[in-house]
Amino acid sequence: MTDIGLSIGEIARRTGLSVDTLRFYEREGLLTRPVERDTAGRRVYRVEDEGWLEICTNLRRTGMPLSEIRRFAELVRAGAGNEHERLALLQEHRERVTEEIRRLEKFRDVIDYKVRAYAAEVEKGTAATFWTGVPS
């Protein structure tokens, strides 16, 4: 591409997102600015779009609904004056993520217990019939 931007393939490689995902994000209004087009109609991304796409990816991976990412992008596009709303949206998501982490930690505690129990049975040589439902 030229020195003014990145092709969709280049931004896909740089972000780890597929070309289809990038097109989807654009259609769904998840970007903070319209994607420019070159004279041939091909998408041209700016280097700074990479940072926003990383934010979108992280928000999605942590379970933020697309509707909330879209709302966040709308607020960013609108510019100054809505910082409190942006902050509230992120704080609400952070609380959901924190609660999910707590839930997963409880599951990990159960797994840790089972790992210790199996390790003890392996050490004793009795793991073959441990928790199989088969009477020993």
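**Exercise 1. Is aspartate 38 buried or exposed in this predicted model, and which backbone atoms does its side chain reach?**

Solution. Begin by placing the residue: aspartate 38 sits in the loop that runs between strand S1 (36-37) and strand S2 (43-44). Next, take its relative accessible area, which is 19%; since buried means under 20%, aspartate 38 is classed as buried. Then follow the side chain in the model, which is a predicted one. It reaches the backbone nitrogen of alanine 40 at 2.9 Å, and a polar atom of the side chain of aspartate 38 also lies 2.8 Å from the backbone nitrogen of arginine 42.

**Exercise 2. Work out which helices supply the largest nonpolar core, and set this beside the domain that UniProt records.**

Solution. Start with the record: the unreviewed UniProt entry places the feature "domain: HTH merR-type" at residues 5-75. Over residues 5-75 the chain is 59% helix and 6% strand, while the C-alpha atoms at the two ends are 24 Å apart. Now turn to the core. In soluble globular proteins, nonpolar side chains tend to be buried together. Here the largest nonpolar core has 20 residues, and Leu22, Tyr25, Tyr45 and Leu53 are those with the most contacts inside it. At least two residues of this core come from each of helix H1 (8-15), helix H2 (19-27), helix H3 (47-61) and helix H4 (66-78). The largest share, 4 residues, is supplied by H3.

**Exercise 3. Which parts of the chain are tied together by the salt bridges of glutamate 28, arginine 96 and arginine 71?**

Solution. The whole structure holds 17 salt bridges, and three of them are taken in turn here.

- Step one: glutamate 28 and arginine 70 meet through their side chains in a salt bridge, at 2.7 Å from N to O. Because glutamate 28 lies in the loop between H2 and S1 and arginine 70 in helix H4, this pair ties together parts that are 42 residues apart in sequence. Glutamate 28 is partly exposed at 26% relative accessibility, and arginine 70 is partly exposed as well, with a relative accessible area of 24%.
- Step two: arginine 96 forms a salt bridge with glutamate 68, in which the closest N and O atoms are 2.6 Å apart. Arginine 96 belongs to helix H5 and glutamate 68 to helix H4, so the pair ties together parts that are 28 residues apart in sequence. Arginine 96 has a relative accessible area of 35% and is partly exposed.
- Step three: arginine 71 forms a salt bridge with glutamate 85, and the closest N and O atoms are 2.5 Å apart. Since arginine 71 lies in helix H4 and glutamate 85 in helix H5, parts that are 14 residues apart in sequence are tied together. Both partners are partly exposed, arginine 71 with a relative accessible area of 32% and glutamate 85 with one of 36%.

**Exercise 4. Which residues are linked with Arg33 in a network of salt bridges, and how do Arg33 and Glu48 stand in accessibility?**

Solution. The network links Arg33, Glu36, Arg46, Glu48 and Asp49. Arginine 33 lies in the loop between H2 and S1, and with a relative accessible area of 15% it is buried. Its C-alpha atom is 13 Å from that of glycine 51, a residue 18 positions away in sequence. Glutamate 48, by contrast, is found in helix H3 and counts as exposed at 52% relative accessibility, the cut-off for that class being over 50%. The C-alpha atoms of glutamate 48 and threonine 129 are separated by 58 Å, with their positions 81 residues apart along the chain.

**Exercise 5. Which residues make the nonpolar surface patch of about 340 Å², and where do Tyr113 and Trp131 lie?**

Solution. The patch is made by Tyr113, Tyr118 and Trp131. Tyrosine 113 belongs to helix H5 (residues 83-124), and at 47% relative accessibility this tyrosine counts as partly exposed. Tryptophan 131 is placed in the segment after H5 and is likewise partly exposed, at 43% relative accessibility. As a last step, compare positions along the chain with distance in space: tryptophan 131 and leucine 89 are 42 residues apart along the chain, and their C-alpha atoms are separated by 45 Å.

Definitions and conventions
Residues numbered from 1 in each chain as written. Predicted model: local features only at pLDDT ≥ 70, side-chain atom pairs only at ≥ 80, totals over all residues. Heavy atoms only, no water. Buried < 20%, exposed > 50% of the residue type's maximum accessible area, 1.4 Å probe, protein only. Polar contact = N/O pair within 3.5 Å; in protein donor to acceptor, adjacent residues only side chain to side chain. Patch = residues over 30% accessible without salt bridge, like charges linked within 9 Å, V, L, I, M, F, W, Y side chains within 5 Å. Areas by Shrake-Rupley, 256 points an atom, 1.4 Å probe, with all protein chains shown as cover. Salt bridge = Lys/Arg side-chain N within 4 Å of Asp/Glu carboxyl O. UniProt positions renumbered as here; feature names shortened; annotations may be inferred. Core = buried A, V, L, I, M, F, W, Y, C linked by side-chain atoms within 4.5 Å.
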